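Me: I'd like a close look at chain B, please, with its partner alongside for contrast. Take it slowly, since I'm new to this.

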Amino acid sequence: MSMFEGFRFRRVSSVVHLLDPRAKFFFVCVLFITAILNSKLPPLILLFFVPLPFVLMAGVQREWIRSMRGALFFAFIIFLFNFLFTYLYTEYPQVPSAPLLERSIAMTLRFLVLVESFSVFFLTTSPDHLGLALEQSHIPYEFCFAFTTAVRFVPVLAEEAQTIMDAQKARGLELERGNFLKRVRNYIPILIPLIVGAIRRSLELAEAMESRAWGASEKRTNLYVLKLKRNDYLLVLISVLMLILAVYVWLYIPIPSLTILLSF
Amino acid sequence: MIEGSPITVANETLAIIETRKLVYTYSGAKKAALKGVSVTIESGEIVILTGPSGCGKTTLCRCFNGLIPHFYGGKIEGEVVVAGHKVVDQTIYELARHVGLVFQNPENQLFALSVEKDVAFGLENLAVPRDEMIKRVDWALQMTGIEDLSERPPHELSGGQQQRVAIACVLAMQPDVMILDEPTSFLDPVGAQKIFEVINELNKELGITIILVEHRLDLASKYADHVVVMDEGKVVLDGEPRGVFNSEKARLIGVGVPKATRLYQILRENGTHLSGVPVTSEEASKLLLEVLKRD
């Protein structure tokens, strides 16, 4: 099932994978803020290249390109809307000109930077680590457990859906027939057994959890503990510097747009 | 061998699990699932609990670790005492320190993203300190022979490996009793054999009492000290394996009597008497050789 491939975390270890998720998340947030603070094209182009070394170091280029390709459609819509609406609805209607084009591209790029930084984060953070980070950020354990369990059961449910589809097709169910509404209706005989199966599974899961002393003590201990290491501090330092720079530039230095730069 | 009648307890101190006239009805059900079950399981035994599907084996297991009545609700009468605790008065997590339950489907009882994390789950819940936890996880993995899998995600393992992980999960909590509810029904014969060997080792080396719900008596029965057969919510046969398997009643209920024992019965009907009741094929072949040499 290619649809669910993206959820399956591949166990690779690289410098980036080994970074503390909290440090990585902080870095992503800084990128996010910097992207929001800037609306001009040159800094956004620069920002777009910032996460690239991480992608290469982690060796997740292929997955990264796939996720970026997924974002392309939305990026196109954002571009179109920006272009059209600034053209049609600003106070002094602008003719389609270079500055207008640049502005629309900048907005699109801002979106791409956001997608890019989050995809780097999720591509290089194992669900294990993420759950652990949530736990250590004092989020109630029930939520963290629900999260990791959900991640763990996605491939299982995907497999089950495939089995049910095969079984129903073997009984003569045609999934790809009819108009849109009919096609949606075709999926009901797949969904019902899938849901019933999932409920039954969750009951068994609850039984197994209860049998292993779920809820025995208020303060659980944990097999794994996240600890910030040298690289993590380094990343946090880089992020802080970046944030300071971004805010300083935002407050005091007006950045010229690319069209102005080029016209000199 | 005692048939059908409740057991009079000879040695009270040895009993680790004892039920007396246990009657249980699931909430919303009209018929009782258990209709007066009285069994005694002694410390250090390997007990096989068998009987046709729907006879109440699983229900009885749930009574032993408190899932009944605390998780399932319903109506319970009679008494269940496990390791000196009355089940009705204890919480499930308190009982989990004494009784470990391994389920039929290995997939649905493992929920972490790595094997060692899964094995540690129970210990984390009990707030065992981290150093102690690491030691106990390693020990449990070693006892079940899966040290090399410790960092793999459980859902990518084979059924047999998964079931051994499930056993390790329970073992890490160091229970007095381990209950395995049809642990091999999702496994191939080789995987099943391996599970039985692990179980036997845990029993012999650590003295853990084992309750094994099983249909595959051919493979399992050679390890058993005690067999309990249930039918329609009642205990119908209770005693040592040879006697139980050789009884006419066991066959009539539809218990999968070991083939060796069945062979013995057929030979006897045809006038050939072996000098003992075999349970495994090794025993049967020895007894057969004896007869062949004698004639």
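Reply: Two residues are in contact here if their C-beta atoms, placed from the backbone, lie within 7 Å. This is a predicted model, in which local features need pLDDT of at least 70 and side-chain atom pairs count only at pLDDT 80 or more, while totals for chains, interfaces and linings use all residues. Residues are numbered from 1 along each chain as its sequence is written, with chains lettered from A and ligands numbered from 1 in the order in which they are written.

Let's start with trust. The score called pLDDT is the predictor's confidence in each residue, from 0 to 100. Chain B averages 90, and 96% of its residues score at least 70. The weak spot is residues 1-12 of chain B, where pLDDT stays under 50 and the model has 16 contacts beyond four places in sequence. Strand 1 (residues 2-3) of chain B has the lowest confidence in that chain, a mean of 44, whereas strand 10 (residues 209-213) of chain B has the highest, at 96. Where pLDDT is low, the predicted coordinates should not be read in detail. For the whole model, ipTM is 0.84 and pTM is 0.83.

Now the build. Chain B has 12 helices and 12 strands; helices (H or I, at least four residues) and strands (E, at least two) are DSSP runs, numbered from the N terminus. Its radius of gyration (taken over C-alpha atoms) is 20 Å, close to the 19 Å from the globule rule (2.2 Å times the number of residues to the power 0.38) for 295 residues, so chain B is as compact as a globular protein of that length. The C-alpha trace of chain B spans about 65 × 45 × 35 Å along its principal axes.

Next, go inside. In chain B, 48% of the 295 residues count as buried, meaning that 20 or more other C-beta atoms lie within 10 Å of a residue's own. The largest nonpolar core (buried Ala, Val, Leu, Ile, Met, Phe, Trp, Tyr and Cys residues joined through C-beta atoms within 7 Å) has 95 residues, and B:Val47, B:Val119, B:Ala168, B:Ile179 and B:Leu212 have the most contacts inside it. Helix 6 (residues 159-171) of chain B gives the most to this core, namely 7 residues. Zoom in on B:Val47: leaving out residues up to four places away in sequence, B:Val47 touches B:Ile41, B:Ile210, B:Ile211, B:Leu212, B:Ala224, B:His226 and B:Val228. Apart from that core lies another, of 25 residues, including A:Val16 and A:Val60.

And the partner? Chain A has 12 helices and 0 strands. Its radius of gyration is 24 Å, where a compact globule of 264 residues would have one near 18 Å. Buried residues make up 22% of chain A. Of the contacts with a separation of 6 or more, residues 24 or more positions apart account for 78% in chain A and 66% in chain B.

Finally, where do the two chains meet? Chain B puts 32 residues into the contact and chain A puts in 26. On chain B's side, the elements giving two or more residues are helix 3 (92-95), helix 4 (115-125) and helix 5 (130-143), with helix 4 of chain B supplying the largest share, 7 residues.

Terms used: Buried ≥ 20, exposed ≤ 12 C-beta atoms within 10 Å, placed from the backbone.
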